[in-house]
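Got a model open and wondering how its labels were earned? Let's go through a few of them, value by value.

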Amino acid sequence: MPKSSFRTTVESIDVLTPTVKVFRLRFDPGAAFDFVAGQYVMVDIPHGDAVVQKAYSIASSPSEPGTIDLCIKLVEGGYASTYFHQSVHEGTVLTVYEAQGTFVDRGAPRERAYVASGTGIAPIRSMIRRLYERKGFDEPMWLFFGVRYEDEILYEEEWRRLAAEHPTFRFMPTVSRPKTWAGDVGWVQDLLRRYLTAPEQKEAYVCGVVPMVKAVKPLLIELGVPRAQIHTEKYT
Ligand SMILES: Cc1cc2nc3c(=O)[nH]c(=O)nc-3n(C[C@H](O)[C@H](O)[C@H](O)COP(=O)(O)OP(=O)(O)OC[C@H]3O[C@@H](n4cnc5c(N)ncnc54)[C@H](O)[C@@H]3O)c2cc1C
């Protein structure tokens, strides 16, 4: 069945790091767009006289009415990401399609372990924001987040604030090519080997580029997380 399309207008663009920008897209008034935290949208990207479609996870919570945030990394030589970073401005009109994807919270009565690298944090941010909107929510969760350089820790302030407000929220960043970073060094796989406890009690949500997800899933199984408790989203 063809997916419904929606007209959006870029309302704001925030520069998060030298290679990552957040684009806030506003729907036309009355648009019947909705989504579940963790889902993604396909976006039309003009390509000569044609369009190509690319998937982008929604980084904002479904509670933010009329808008979605897309957190997009500039990939060297990449057509769509270059289009976003170089040609999209405030006021640019973009067509997106109804939200899709099954990388959503399962509501299981277990500790959540989120594992992200780079912009793989986007759907996880949406899920975490959504959960903390529940009154009195204080269930344990772990965020294992890997980046190359310390200035690439997306939404760092937000994670540190959550960790300060909720002792049950553990923020575990790691940097693979540190400059002056004093925290953990290496990949998320190293973090998981170092810090993952009670694996059989974890519900794991893993998102990032294909090689990362392909490395992390078997590692989680090796460490003792049951296969059925591991949910993944691969950025291709
Ligand atoms: C379900 C889904 C959700 C996605 N959500 C996001 C998102 O929220 N933010 C986002 O930036 N991208 C996301 N992507 C990736 C996005 O769809 C594009 O593939 C990406 O923007 C590169 O497209 P391009 O045309 O610029 O480059 P292409 O020429 O298509 O280059 C593809 C290459 O870039 C690599 N790549 C793709 N995405 C990334 C990335 N985010 N970081 C580093 N390397 C990458 C791929 O591994 C591949 O080697 C998602 C992909 C899927 C399938």
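Q: Why is Ser-61 called buried?
A: In this predicted model, Ser-61 has a relative accessibility of 0%. Buried means under 20%, so Ser-61 counts as buried. Ser-61 sits in the loop between strand 4 (50-57) and strand 5 (67-73).

Q: What makes up the surroundings of Ser-61, leaving aside its neighbours within four places in sequence?
A: With those neighbours set aside, the contacts of Ser-61 are Phe-35, Ser-126, Arg-129, Arg-130 and Glu-133. A contact here means heavy atoms within 4.5 Å. One of these partners, Ser-126, is itself listed among the buried residues of helix 2.

Q: How do you know that helix 2 is mostly covered?
A: Just count: 10 of its 12 residues are buried. They are Ile-121, Ala-122, Pro-123, Ile-124, Arg-125, Ser-126, Met-127, Ile-128, Leu-131 and Tyr-132.

Q: What span is expected for helix 2, and what does helix 2 reach?
A: The rule is 1.5 Å times one less than the number of residues. For the 12 residues of helix 2 (121-132), the expected figure is 16 Å, and the first-to-last C-alpha distance is 16 Å, so the two are close.

Q: Why does Ser-81 count as buried?
A: Its relative accessibility is 5%, and the cut-off is under 20%, so Ser-81 gets the buried label. Ser-81 belongs to helix 1 (residues 79-87). Beyond four places in sequence, Ser-81 is in contact with Tyr-56, Ile-72, Lys-73, Leu-74 and Val-75.

Q: Which residues of helix 1 are buried, and what do they pack against?
A: Ala-80, Ser-81, Tyr-83, Phe-84 and His-85 are the buried ones. Their packing partners are strand 2 (20-27), strand 3 (40-47), strand 4, strand 5 and strand 6 (93-97).

Q: What makes Val-147 buried?
A: A relative accessible area of 8% set against a limit of under 20%: Val-147 is therefore buried. Val-147 lies in strand 8 (residues 141-147). Apart from neighbours within four places, Val-147 contacts Gly-118, Glu-152, Ile-153, Thr-174, Val-175 and Ser-176. As for Val-185, it is 38 residues from Val-147 in sequence, with 9.7 Å between their C-alpha atoms.

Q: How do you know whether Phe-145 is buried or exposed?
A: Phe-145 has a relative accessible area of 1%, and buried means under 20%, so Phe-145 is buried. Phe-145 is also part of strand 8. Tyr-114 is 31 residues from Phe-145 in sequence, and their C-alpha atoms are 8.0 Å apart.

Q: What makes the phi of Tyr-155 worth a look?
A: Most residues other than glycine have a negative phi. Tyr-155 is not a glycine, yet its phi is positive, about 60°. Tyr-155 lies in the loop between strand 8 and helix 3 (156-165). With a relative accessible area of 12%, under the 20% limit, Tyr-155 is buried.

Q: Why is Ala-198 called partly exposed?
A: Buried stops at 20% and exposed needs over 50%, with partly exposed in between. Ala-198 has 29%, so it counts as partly exposed. Ala-198 also has a positive phi, near 40°, without being a glycine. Ala-198 is in the loop between helix 4 (188-195) and strand 11 (202-209).

Q: What makes Val-225 buried?
A: Its relative accessible area is 2%, and the cut-off is under 20%, so buried it is. Val-225 lies in the loop between helix 5 (210-223) and strand 12 (230-235). Not counting residues up to four places away, Val-225 touches Leu-196, Pro-199, Lys-202, Leu-220 and Ile-230. Val-225 and Thr-174 are 51 residues apart in sequence and 21 Å apart, C-alpha to C-alpha.

Q: How do you know how the radius of gyration of the protein relates to that of a compact globule?
A: For 236 residues, a compact globule would come out near 18 Å; the protein has 18 Å, so the two agree. The C-alpha trace spans about 50 × 40 × 35 Å along its principal axes. Buried residues make up 49% of the 236.

Key
Residues are numbered from 1 along each chain as its sequence is written. This is a predicted model: local features need pLDDT of at least 70, side-chain atom pairs count only at pLDDT 80 or more; totals for chains, interfaces and linings use all residues. Side-chain values use heavy atoms; hydrogens and water are left out. Helices (H or I, at least four residues) and strands (E, at least two) are DSSP runs, numbered from the N terminus. Buried means under 20% relative accessible area, exposed over 50%, partly exposed in between (1.4 Å probe, protein chains only). The radius of gyration is taken over C-alpha atoms; the globule rule is 2.2 Å times the number of residues to the power 0.38.
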